[in-house]
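Please open the structure in a viewer and keep the selection panel at hand. The tour below proceeds stop by stop, stating at each one what to select and what is found there.

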Amino acid sequence: MAVATVTPLPLEPWKPLRKKPLPAGRPREWYVSHNRRLKAMRLAIALLDAGVYIASKADDKTIRATAHTLGIHPPSATTCRMVRALIRSTH
């Protein structure tokens with residue numbers, strides 16, 4: 001018979017995961033697109049946390065202002081499109 005146990009949540013604040021090095025030997029385009037996807041995800045999460053749930057309200061200016069607030073380099077137009085696509089896919 002299985003018994004479910006409840007583990008209490010830790011009281012310490014959230015800590016980011018340790019970064020692992022990216023795998024070697026991939027083409028440069030893979031690293032560029034990988035980092036672009038990570039940046040788009042970070043920005044989409046920040047916008048959703050800020051209450052921007054509709055992709056049409058996330059214009060380039062809003063996304064770049066969020067990036068500035070987070071201390072991230074300003075995203076390109078391609079990254080901004082990816083952010084809007086991620087926000088669109090969450091609904």
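**A tour in selections**

Begin with Arg-84, which lies in helix H3, residues 77-90. The model is a predicted one, and the selections that follow should be read accordingly.

Is Arg-84 buried or exposed? Its relative accessible area is 16%, and because the cut-off for a buried residue is under 20%, Arg-84 counts as buried. To see what surrounds this side chain, add Ala-55, Ala-58, Asp-59, Asp-60 and Ile-63 to the selection: these are the residues in contact with Arg-84 once its neighbours within four places in sequence are left aside.

**Helix H2**

Move next to helix H2, residues 60-70, and select Thr-66 within it. Thr-66 also has a relative accessible area of 16% and is buried. Which residues are in contact with Thr-66, leaving aside its neighbours within four places in sequence? They are Leu-43, Ala-46 and Leu-47. Keep these three displayed for the next stop, since each of Leu-43, Ala-46 and Leu-47 is listed among the buried residues of H1.

**Helix H1**

Now select residues 28-49, which make up helix H1. This helix has 22 residues and reaches 32 Å from its first C-alpha to its last, close to the 32 Å expected at 1.5 Å a residue. Colour its buried positions: besides Leu-43, Ala-46 and Leu-47, they include His-34, Lys-39, Ala-40 and Ala-44.

For a contrasting view, select Leu-38, Met-41 and Ile-45, which form a nonpolar patch on the surface. Together they have about 250 Å² of accessible area. Ile-45 has its place in helix H1.

Then proceed past the end of the helix to Gly-51, which follows H1 and has a positive phi, near 100 degrees.

**The whole chain**

Finally, clear the selection and display the entire protein. How many helices and strands does the protein contain? There are three helices and zero strands, and from the N terminus on the elements run α-α-α.

Switch to a surface representation. The accessible surface of the protein comes to about 7,700 Å², and 62% of that area belongs to carbon and sulfur atoms. Of the 91 residues, 22% count as buried, Arg-84 and Thr-66 being among them.

A contact display completes the tour. Among contacts between residues at least 6 apart in sequence, 61% join residues at least 24 apart.

Definitions and conventions
Residues are numbered from 1 along each chain as its sequence is written. This is a predicted model: local features need pLDDT of at least 70, side-chain atom pairs count only at pLDDT 80 or more; totals for chains, interfaces and linings use all residues. Side-chain values use heavy atoms; hydrogens and water are left out. Helices (H or I, at least four residues) and strands (E, at least two) are DSSP runs, numbered from the N terminus. The expected span of a helix is 1.5 Å times one less than its number of residues. Buried means under 20% relative accessible area, exposed over 50%, partly exposed in between (1.4 Å probe, protein chains only). Patches are made of residues with over 30% relative accessible area and no salt bridge: like charges are joined within 9 Å, nonpolar side chains (Val, Leu, Ile, Met, Phe, Trp, Tyr) within 5 Å. Accessible areas come from the Shrake-Rupley method with a 1.4 Å probe; for residues, only the protein chains shown count as cover. A salt bridge is a side-chain nitrogen of Lys or Arg within 4 Å of a carboxyl oxygen of Asp or Glu. Contact means heavy atoms within 4.5 Å.
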